[in-house]
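Me: Please walk me through the contacts in this model. I will ask short questions.

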Amino acid sequence: MFKSLRNSQAAALSLMVAVLLVIWYIGALWLNSDLLINGYERRNIDWNFSQLVADAYSMQRPLLPTPDQIGAELYKSIFDTRIDSKRSLVFHAGITLSSTLLGFALGGLLGILLAVGIVHNRTLERSLMPWVITSQTIPILAIAPMIIVVLGALNFTGVLPKAIISMYLSFFPVTIGMVKGLRAPDKLHMELLATYSANTTQLFWKLRWPSALPYLFASLKIAIAAALVGAIVGELPTGAQGGLGARLLSGSYYGQTVQIWAALIVAAVLGASLVALVGVLERRINRRMGIAA
Amino acid sequence: MNTLALNRLLIIAAGALSLILSLFITAADGAIYQQQPIWLALIPLLLLGGWFAMSLLTDLGEQAAPGLARRALNLAVPALFAGLLLALWQLIVTGFGVPQVLLPAPSTIGATFFAQLQTLAQDFAQTWLKAVLAGWLIGCGSGFIVALLIDRSPFLQKGLLPIGNIMSSIPIVGIAPIMVMWFGFDWESKAAVVVVMTFFPMLVNTLAGLHASDHLHLNLLHTYAGNRRQTLWYVQLPAALPFIFNALKLNSTLALIGAIVAEFFGTPIVGMGFRISTEVGRMNMDMVWATILVAALAGSISYGLLALLERKLTFWHPSTRSAG
C-alpha cells in the first residue's frame with residue numbers, strides 16, 4: 001500500500017502542494033510579524049505568541065497574505081459582486097481574455113504565414129529567419145506600455161493595441177514550430193507525391209500541412225501562454241480601463257496585497273486553462289484525423 | 001541566361017539609385033510625400049531592387065564554396081533585409097512628416113543614442129549588470145542545483161514537475177509588485193523577480209536533459225563500476241548540455257524582460273525600465289527608443305554569446321555538427 005502511494009502522481013503532487021502551503025503559512029507569519037511586533041512595541045501593548053499568530057493571519061494589508069485570505073478575496077470578487085462591476089475579477093479577466101485571444105489569433109496566423117513563406121522561398125528564409133530569432137531577444141514586453149501609450153495618444157485604444165503585443169509574443173513559437181513541422185514530412189512521402197506529379201499546392205495541403213499539425217499544436221500551447229503575458233503587461237499603463245494587469249498595478253499603488261495575489265491567481269488559472277483548452281482541441285483534431293492520441 | 005542576369009543587375013541598380021534619391025529628397029525637405037506624392041513611386045522600385053539583390057545574394061551564397069566568402073554572403077542577406085526595413089522606416093517617417101511623439105526616425109534615434117551614451121550606460125549598469133545578471137545567475141544556478149538534487153528521486157519529480165509546467169503557463173512577471181514591496185525599490189527586488197522567472201525553465205529543462213542520456217552509455221559506465229558522481233559527470237551532464245543551454249538562452253531574454261517590467265513598479269531614479277516609463281511621460285520618444293536599442297543590443301549579444309559558448313561545449317551534438 002505504501003509502495004503504491006509512493007508511485008502515484010496524485011500523492012506526490014498533493015504532498016508537494018501541502019508542503020508549499022505549510023511553508024506559505026510559516027512565511028506569512030515570519031514576514032508579517034516584524035510589522036506587528038513593531039506596532040505592539042510602539043503602543044506598549046503586551047503581546048504573546050498566540051496573539052501574534054492570530055493578528056499575523058488577519059492583517060488588512062499583510063506583506064504576505066495567507067491562502068485563506070486570498071481565497072476569501074477571490075470568492076468575494078468573483079461570486080459576491082456583479083459581473084459588470086469594476087470590483088469583479090470576472091470583469092477584469094474578461095477584458096484580459098479578449099485581447100489575449102485576439103492577439104493569439106493574429107499571432108498564430110502571422111506565424112503560420114511566415115512559416116509557409118520561409119519553407120517555400122529560399123530568399124525569404126535567408127533574410128527573415130535570423131530576424132525572427134533576433135526579434136525574441138528584444139525585450140518587447142518592456143516597451144509594451146510605451147506602444148499602448150503612443151497608440152492611445154492616437155485615439156487608438158481598446159483591445160487592439162494590447163492584442164498587437166500579444167501577437168508579437170505569440171507569433172514566434174508558431175513560426176519556429178511550423179517551419180520545423182512543414183519540413184517534417186517523410187522523404188519517401190514527398191517523392192511519392194512527386195511521382196503523382198502533385199503541384200506545390202497539393203503537396204502543401206495533402207502532405208505538409210497534416211504532418212505539421214502536431215508541431216502546430218505544441219507551438220500554440222506556448223503561444224497562448226505568451227499571449228496572456230503580453231496582454232497583462234500591456235494593461236499595466238492603462239490603469240483605469242481595467243484588466244488583470246490594471247488590477248495588479250492599482251493593487252501595488254494602494255498596497256492592497258490581497259488584491260494583487262487574487263489577480264495573480266486568476267491569471268494563473270486563466271493561463272493554465274487556456275493551455276489545457278488548446279490541448280483538448282489538439283486531441284479532438286488528432287482523433288478526427290485518425291492519429292491515436 | 002546572360003541577359004537575364006543583366007536585367008537582374010539593372011533592377012538592383014535602379015533600386016539602389018531610387019533608395020539614394022529618396023533618402024536625399026526626404027532629408028532635404030520635410031514631409032515631401034504629402035506635397036509631391038509622385039516621389040512615392042520610388043518606394044516600390046527600391047523594394048523590388050532590394051528583393052532582387054537578396055535573391056541574387058542567396059543564389060551566390062548557395063553556389064559559393066564553403067568558407068569565409070560563403071559565410072559573408074549568408075550574413076549579407078539578413079543584413080540587407082534589415083537595412084531595407086530601416087530605410088523604409090526612415091523614408092516613411094521623414095517623408096510623411098510623422099510627428100516625433102509617434103515614431104522617431106532611425107537617424108534621430110541613432111543621434112540620441114550617441115548623445116546620451118552616458119545616461120544610457122548608467123541605466124544599463126543598474127538594470128543589466130546588477131539586477132539581470134545577479135537574478136539570472138541565482139535563478140539558473142538554483143534551478144540547476146535543485147534539478148541535480150531531485151534527479152534521483154522520482155517521487156519529488158512527480159510532485160515538482162507538474163508545478164514547474166503550470167508555472168510556465170503563468171504570467172510570472174505579475175509578481176513584480178509583490179517583490180518590490182518585499183525587497184524595496186533598488187535592484188534587489190528586480191533580481192528577485194528574475195530569479196523566480198528563470199528558476200522553473202531551468203529546472204524543467206535540466207531534468208529533461210538529465211533523463212536524455214543514452215541507455216547504452218549509462219550501462220557502459222555501470223560496467224566500469226562508475227559511481228554516481230562519475231556517471232553524472234561523464235554521461236548525464238554532457239547529454240544534458242543542449243537542454244541546459246536552451247534554458248540559459250531562453251532565460252537571458254526572460255531576465256531582461258522581468259527586470260525592466262519590475263522597474264515600472266518603482267525604482268531609484270536610474271534604470272532602463274525607469275527611463276522608458278519617465279521618458280514616455282515626457283514624450284521624449286527618441287530617448288525611449290534609444291533605451292530600447294540598448295535593451296535589444298544587450299538581449300541579442302547575451303543570446304549570441306551563449307550560443308557561441310554552446311557551440312564550443314557541445315561540439316559533438318548533431319545540430320552543431322550539421323551547421324558546419
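Reply: A salt bridge here is a side-chain nitrogen of Lys or Arg within 4 Å of a carboxyl oxygen of Asp or Glu. This is a predicted model: local features need pLDDT of at least 70, side-chain atom pairs count only at pLDDT 80 or more, and totals for chains, interfaces and linings use all residues. Residues are numbered from 1 along each chain as its sequence is written, chains are lettered from A and ligands numbered from 1 in the order in which they are written, and side-chain values use heavy atoms, leaving out hydrogens and water.

Me: Which residue of chain A meets the side chain of Asp59(B) in a salt bridge?
Reply: The count between chain A and chain B is 1 salt bridge. Its N to O distance is 2.9 Å. The partner of Asp59(B) is Arg122(A).

Me: Which residues are linked with Arg122(A) in a network of salt bridges?
Reply: Within chain B, the side chains of Arg8(B) and Asp59(B) also meet in a salt bridge, 3.0 Å from N to O. That pair links distant parts of the chain, 51 residues apart: Arg8(B) is in helix 1 (residues 2-28) and Asp59(B) in helix 3 (residues 42-63) of chain B, with helices taken as DSSP runs (H or I, at least four residues) numbered from the N terminus. The network joins Arg122(A) to Arg8(B) and Asp59(B).

Me: Is Asp59(B) buried, partly exposed or exposed?
Reply: Buried means under 20% relative accessible area, exposed over 50%, and partly exposed in between (1.4 Å probe, protein chains only). Arg8(B) has 22% relative accessibility and counts as partly exposed. Asp59(B) is at 22%, so Asp59(B) is partly exposed.

Me: How many residues of chain B are in contact with chain A?
Reply: Contact means heavy atoms within 4.5 Å. On chain A, 55 residues take part. On chain B, the number is 50.

Me: What share of the area buried between chain A and chain B is on carbon and sulfur atoms?
Reply: Buried area is the accessible area (1.4 Å probe) that two parts lose on being put together, summed over both. Chain A and chain B bury about 4500 Å² between them. The carbon and sulfur share is 80%.

Me: How many residue pairs are in polar contact across the interface of chain A and chain B, and which helix of chain A gives the largest share of its side?
Reply: A polar contact is a pair of N or O atoms within 3.5 Å; within protein, one must be able to donate a hydrogen and the other to accept it, and residues adjacent in sequence count only if both atoms are side-chain atoms. The rule finds 2 residue pairs, both at pLDDT 80 or more. Several helices of chain A each supply at least two residues to the side that touches chain B, among them helix 2 (9-42), helix 6 (122-137) and helix 10 (200-234). The largest share, 12 residues, comes from helix 6.

Me: Which residue forms a salt bridge with Asp123(B)?
Reply: The closest N and O atoms of this pair are 2.7 Å apart. Asp123(B) lies in helix 6 (residues 117-150) and its partner in helix 12 (residues 272-281) of chain B, so the pair ties together parts 152 residues apart in sequence. Asp123(B) is buried at 0% relative accessible area, and the partner is buried at 11%. That partner is Arg275(B).
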